[in-house]
There are 2 protein chains.
Amino acid sequence: MGVAVDNWADQVRAGDVRAISRAITAIENRDPRAVEILRSLFPSTGQAYLTGITGAPGTGKSTLVDRLAAFYRKQQQTVGIIAVDPTSPFTGGAILGDRIRMQSHATDAGIYIRSMATRGFLGGLASATGDVALLLDAAGKQIVLIETVGVGQDEIDIVRLADCTVVVLVPGLGDDVQNMKAGLMEIADIFVLNKSDREGVDRLEQQLQAMLQIVPVRDGWKPPVVRTVASENKGIEALAAAIADFRGHFQHTRERHSKKIEHWKQRLVELLEARLLERVLGSPQGEKTLHALAQEVAERKKDPYAAVSELLARAGLE
Amino acid sequence: MGVAVDNWADQVRAGDVRAISRAITAIENRDPRAVEILRSLFPSTGQAYLTGITGAPGTGKSTLVDRLAAFYRKQQQTVGIIAVDPTSPFTGGAILGDRIRMQSHATDAGIYIRSMATRGFLGGLASATGDVALLLDAAGKQIVLIETVGVGQDEIDIVRLADCTVVVLVPGLGDDVQNMKAGLMEIADIFVLNKSDREGVDRLEQQLQAMLQIVPVRDGWKPPVVRTVASENKGIEALAAAIADFRGHFQHTRERHSKKIEHWKQRLVELLEARLLERVLGSPQGEKTLHALAQEVAERKKDPYAAVSELLARAGLE
């Protein structure tokens with residue numbers, strides 16, 4: 001490893017904001033130095049507590065995350081926020097939002113906010129988000145909040161990175177419990193009913209509680225339902241308490257340990273995929289061969305399985 | 001290839017419903033015979049027109065798809081429907097829905113409906129959906145409708161399989177244009193405003209048209225906006241006409257050809273991933289090694305990059 005990368009890693013460990021930002025950019029750009037830095041930082045990780053916060057657009061996730069971060073800061077905890085929006089960079093909304101959000105914490109060195117809006121990573125957005133979480137962990141953030149729009153396998157993969165998953169619902173948004181993705185129901189450790197001063201909150205909670213009765217209880221934990229009005233800073237303390245309860249419940253259990261192992265199995269498979277694809281397709285020649293084969297398949301001159309065998313053979317893998 | 005599989009493929013080509021269903025189950029279960037059948041059927045594919053129909057829960061996609069299918073059947077076209085819901089099998093809703101939907105077409109051999117609700121395919125749900133589309137294509141379905149909840153990378157990948165992509169919106173569902181995933185905006189070839197007898201439809205269309213003005217026109221096609229009330233069978237003919245227009249527009253263009261090649265590039269990469277992972281992790285020993293390494297990484301005894309190198313070395317790939 002070069003001296004430059006070593007210094008860079010040291011700066012990240014010291015919490016230097018510019019070094020952290022550059023490292024995240026390196027991860028996003030698949031800069032080979034990102035791997036060197038992550039390898040160097042890896043032994044310093046494993047200290048942060050990762051909380052995933054997910055919900056449909058319009059549920060007020062960002063405000064909730066900001067208020068929660070402010071709460072932790074008052075408790076003298078350092079906080080990192082990763083806001084993931086796997087839509088295209090078309091609107092550029094993520095970057096703009098970042099700047100606006102950073103302003104409210106601008107004078108506080110104990111908080112770091114970063115949006116990840118780019119999609120189409122070869123290694124997957126979940127994998128890149130996981131790398132950023134490791135980085136913030138190594139940079140000494142005690143709490144890492146991962147905020148994501150809660151739909152699709154991609155986001156479920158992201159949420160699986162977290163130690164604790166909070167699902168945010170809002171009354172009257174058309175996202176009532178019947179329509180909620182069953183996948184979300186299963187991964188929620190805590191439910192938040194945000195904008196709970198709105199009409200329909202009691203009905204939503206009733207529906208949710210009815211649904212929760214038919215979901216099997218996992219490892220002795222029944223997901224609590226917390227009401228918040230994030231814009232008025234209401235219920236934030238109760239949410240933090242629910243997260244602390246969950247953390248305490250699983251602190252020393254076998255379940256937590258096996259969840260960590262499951263997490264790393266998934267991450268290793270993603271890394272493996274990226275590494276193998278790089279081998280077969282990483283050169284201009286590989287890309288060209290892929291294109292030529294895809295053309296033959298599109299014209300039904302070759303079947304896709306034969307084409308894949310050919311790609312493997314060319315890379316010396318078959 | 002065995003005689004049994006050969007016969008089976010012949011039955012699929014003849015449109016035998018039981019043979020098709022068995023083959024789809026084989027694809028879902030990653031039965032090795034699925035690959036044999038698909039290889040055998042591949043030269044018979046490339047005839048069907050694939051239309052993807054996507055929209056949030058509650059937009060009435062299923063009804064729209066059913067009505068559209070009935071319309072095509074009246075034109076003497078054979079139809080296959082793949083309903084993809086990448087949530088967990090927890091609620092079992094997909095299978096139930098299937099049965100209910102099948103009943104309304106029960107006496108019609110020219111239509112085939114299948115839900116794919118399982119997630120966590122090693123090769124990806126998009127890939128499995130693509131295989132099922134090939135199968136229905138080989139079975140002589142002239143029109144294949146792929147219906148999916150329109151959010152997340154997974155669904156965007158599924159929609160990219162299609163020749164034509166229809167995005168369904170509904171007034172007053174909280175999914176107004178501002179909240180619509182930018183990714184969806186970019187992939188839509190046609191917009192449908194369903195439940196267009198509801199209040200707010202004019203405002204929704206205005207918003208949509210305003211948004212469309214800032215999206216670059218692709219290949220001379222400006223996405224039309226079609227109003228429907230699927231439950232009353234209104235606007236279905238106009239939608240079918242818009243799809244036919246789109247089909248005509250791209251029938252003989254270079255764009256259509258390059259889209260097909262892009263499609264196959266993506267599919268080949270997915271197949272490649274699945275094949276390589278199988279090689280490294282496909283044995284009980286591989287699975288065991290992965291678990292042991294994930295444990296070492298979770299305990300910070302090894303970094304993830306070193307663990308991946310070890311997996312590759314054990315599979316003779318490094």
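When I speak of a helix or a strand this morning, I mean a DSSP run, of at least four residues for a helix and at least two for a strand, numbered from the N terminus. With that in hand, let me start with one residue, B:Asn233, which sits in the loop between strand 7 (225-227) and helix 10 (236-250) of chain B. Please keep in mind throughout that this is a predicted model.

Is B:Asn233 buried, exposed or partly exposed? It has 14 C-beta neighbours inside 10 Å, and since a residue is called buried at 20 or more and exposed at 12 or fewer, B:Asn233 counts as partly exposed. For a sense of its surroundings along the chain, B:Leu268 is 35 residues away in sequence, and the two C-alpha atoms are 39 Å apart in space.

Let me move from that loop to the sheet of chain B. This is an open sheet of 7 strands, with parallel pairing, and the order of the strands is 3-2-4-1-5-6-7. Which strands stand at the edges? They are strand 3 (111-116) and strand 7 of chain B, each of which has a single partner strand, so that one side of each is left without a neighbour in the sheet. Ignoring direction, neighbouring strands of this sheet are turned by 20° against each other on average.

Going through some of the pairings in chain B, strand 2 (residues 79-84) runs parallel to strand 4 (residues 143-149) and is joined to it by 6 bridges, and within that pairing B:Ile81 has B:Leu145 of strand 4 as its bridge partner. Helix 9 (residues 201-214) of chain B packs on the sheet, where it touches strand 5 (164-169), strand 6 (190-193) and strand 7, and its direction makes about 165° with that of strand 6 of chain B. Helix 10 of chain B, the helix that follows our opening loop, lies across strand 1 (49-55), strand 5, strand 6 and strand 7 of chain B, and runs at about 175° to strand 6.

Strand 6 of chain B deserves a moment of its own. In general, the side chains of a regular strand alternate between the two faces of the sheet. Here both faces of strand 6 of chain B are covered, with B:Ile190 and B:Val192 on one side, B:Phe191 and B:Leu193 on the other, and all of them buried. Strand 6 pairs with strand 5 of chain B in the parallel sense over 4 bridges, and it is joined to strand 7 of chain B, again running parallel, by 3 bridges. B:Leu193 appears in both pairings, as the bridge partner of B:Leu169 and as the residue opposite B:Arg227 in strand 7 of chain B.

Now to chain A, which has 13 helices and 7 strands. Of its 318 residues, 45% are buried, and among the contacts in chain A with a separation of 6 or more, 74% are between residues 24 or more positions apart.

Why do I call strand 1 (residues 49-55) of chain A largely enclosed by the rest of the structure? Because 6 of its 7 residues are buried. Strand 1 of chain A pairs with strand 4 (residues 143-149) of chain A in the parallel sense over 7 bridges, with A:Thr54 opposite A:Thr148, and 5 bridges join it to strand 5 (residues 164-169) of chain A, also running parallel, with A:Gly52 opposite A:Thr165.

Next, a helix pair in chain A. The axes of helix 4 (residues 61-74) and helix 10 (residues 236-250) of chain A come within 10 Å and cross at roughly 75°, and these two helices are therefore roughly perpendicular to each other. Helix 4 contributes A:Arg67, A:Leu68 and A:Phe71 to the contact, and helix 10 contributes A:Ile236, A:Glu237, A:Leu239 and A:Ala240. By class, that contact has 5 nonpolar residues, 2 charged and no polar ones.

Finally, the domains. The domain assignment of chain A gives domain 1 (1-44) and domain 2 (45-253), and their contact takes 14 residues from domain 1 and 13 from domain 2. On the domain 1 side, the elements giving two or more residues are helix 1 (3-13), helix 2 (17-28) and helix 3 (32-41) of chain A, and helix 2 gives the most, with 6 residues. That side of domain 1 divides into 9 nonpolar, 2 polar and 3 charged residues.

Conventions:
Residues are numbered from 1 along each chain as its sequence is written. Chains are lettered from A and ligands numbered from 1 in the order in which they are written. This is a predicted model: local features need pLDDT of at least 70, side-chain atom pairs count only at pLDDT 80 or more; totals for chains, interfaces and linings use all residues. Domain bounds come from an automatic or database domain assignment. Two residues are in contact if their C-beta atoms, placed from the backbone, lie within 7 Å. Ala, Val, Leu, Ile, Met, Phe, Trp, Tyr, Cys and Pro count as nonpolar, Asp, Glu, Lys and Arg as charged, and the others, Gly among them, as polar. Axes are lines fitted to C-alpha atoms, for helices over the stretch in contact, and angles run from 0 to 180 degrees between N-to-C directions. Angles under 35 degrees count as roughly parallel, over 145 as roughly antiparallel, 65 to 115 as roughly perpendicular and the rest as oblique. Two strands pair if DSSP finds at least two bridges between them.
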